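Open the model in your viewer and keep the selection panel at hand. We begin at the ligand and then move to a sheet.

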Amino acid sequence: MTGNGQASGKPWQAVALTLFPQMFPGSLGQSLAGQSLAGQALSEARWALESVDIRAFASDKHRTVDDSPCGGGAGMVMRADVVDLAICATQQKTGDLPLVYMTPRGRPLTQSRVRALAEGPGVIVLCGRYEGVDQRVLDAHGVEEISIGDYVLSGGEVAALVLFDACVRLLPGVMGSDVSGDEESFEQGLLEYPLYTRPAEWQGRKVPDVLMSGHHKNIRAWRREQAEAATKDRRPDLWTEYALGPVDKDKT
Ligand code: 6GU
């Protein structure tokens, strides 16, 4: 079995290295039944979340964690020595977990990377503030740099919450009775088809007839058409990949 804890008995372990430990678990702690998959799973100990305060590893009396960028430029850079101590102390406690740094410079996060992380024992996420982190500490630890999209956040914490959420909802037992995992957006390389519920007519807008027909084969075909049309229109990048057909991404 895989490392997500069901076999080892250990819950999937999320660790955030951050200057703002109070930002965790944030929205992921919302555990009212039915309100948040992640929060419910956290309270059921299907996963564990720890935040590590990077400032606790500063050594001078002012607890300095940053310095100005070499070569000049705006803002401040998180110091390699302080971040290194935080990483080493965390790894001593957790053992071998993948280590990632959330940054707009990173490779785009994908559902397949999310799935791989969720199948493992957990993840340590370094959250940057200011302009970023001294590259040498990232290189020294072989840190994987990941971005959640082409826009800039004020720090990596919200991005870390995004990554944790995406992973945790895939853990065994977290989606409950849902079998929708492989029907949803991205799992087939397409956006999801649109959804409707009762009433059959609302403010003059009707649920598409085919969905009320009980004809499962037609419903499947309609949903596929809708998924393809939305993907073509909104995500030409995904559509091109999809239209190329299955490729072995391990070989490309
Ligand atoms: Cl992962 N971090 C930050 N700070 N900004 C981002 C991002 C990550 N992804 C997009 N913008």
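Select Ser147 together with the ligand. An N or O atom in the Ser147 side chain is 3.4 Å from a ligand nitrogen. This is a predicted model.

Add Ile148. Here a polar backbone atom is 3.0 Å from a nitrogen atom of the ligand. Next, pick Tyr151. One of the backbone N or O atoms of Tyr151 lies 2.5 Å from a ligand nitrogen. Now turn on the surface. The ligand taken alone exposes 290 Å², and the protein buries 96% of that. The space taken by the ligand is the second largest pocket.

Widen the selection to the shell around the ligand. How many residues surround the ligand? There are 13, and the closest are Thr103, Ile148, Gly149, Tyr151 and Leu153. Colour the shell by residue class. Eight residues are nonpolar, five are polar and none is charged.

Switch to cartoon view and select β5 (99–108) and β8 (144–147). Each of these strands supplies at least two residues of the shell around the ligand. β5 gives the largest share, three residues.

Leave the ligand and select β3, β4 and β7. They form an open sheet of three strands in the order β3-β4-β7, with mixed pairing. Which strands stand at the edges? They are β3 (66–67) and β7 (132–133); each has a single partner strand, so one side of each is left without a neighbour in the sheet.

Finish on the pairing of β3 with β4 (residues 77–78). The two strands run antiparallel and are joined by two bridges. Select Asp67: opposite stands Val77 in β4.

Definitions and conventions:
Residues numbered from 1 in each chain as written. Predicted model: local features only at pLDDT ≥ 70, side-chain atom pairs only at ≥ 80, totals over all residues. Heavy atoms only, no water. Near = heavy atom within 4 Å. Polar contact = N/O pair within 3.5 Å; in protein donor to acceptor, adjacent residues only side chain to side chain. Areas by Shrake-Rupley, 256 points an atom, 1.4 Å probe, with all protein chains shown as cover. 1 Å grid on protein atoms, 1.4 Å probe; cavity = no way out; pocket = protein on both sides within 12 Å on 5 of 7 lines; lining within 4 Å. Sits in = over half its atoms within 2 Å of the grid points. Helix = DSSP H or I, 4+ residues; strand = E, 2+ residues; numbered from the N terminus. Nonpolar A, V, L, I, M, F, W, Y, C, P; charged D, E, K, R; others polar. Pairing = 2+ DSSP bridges.
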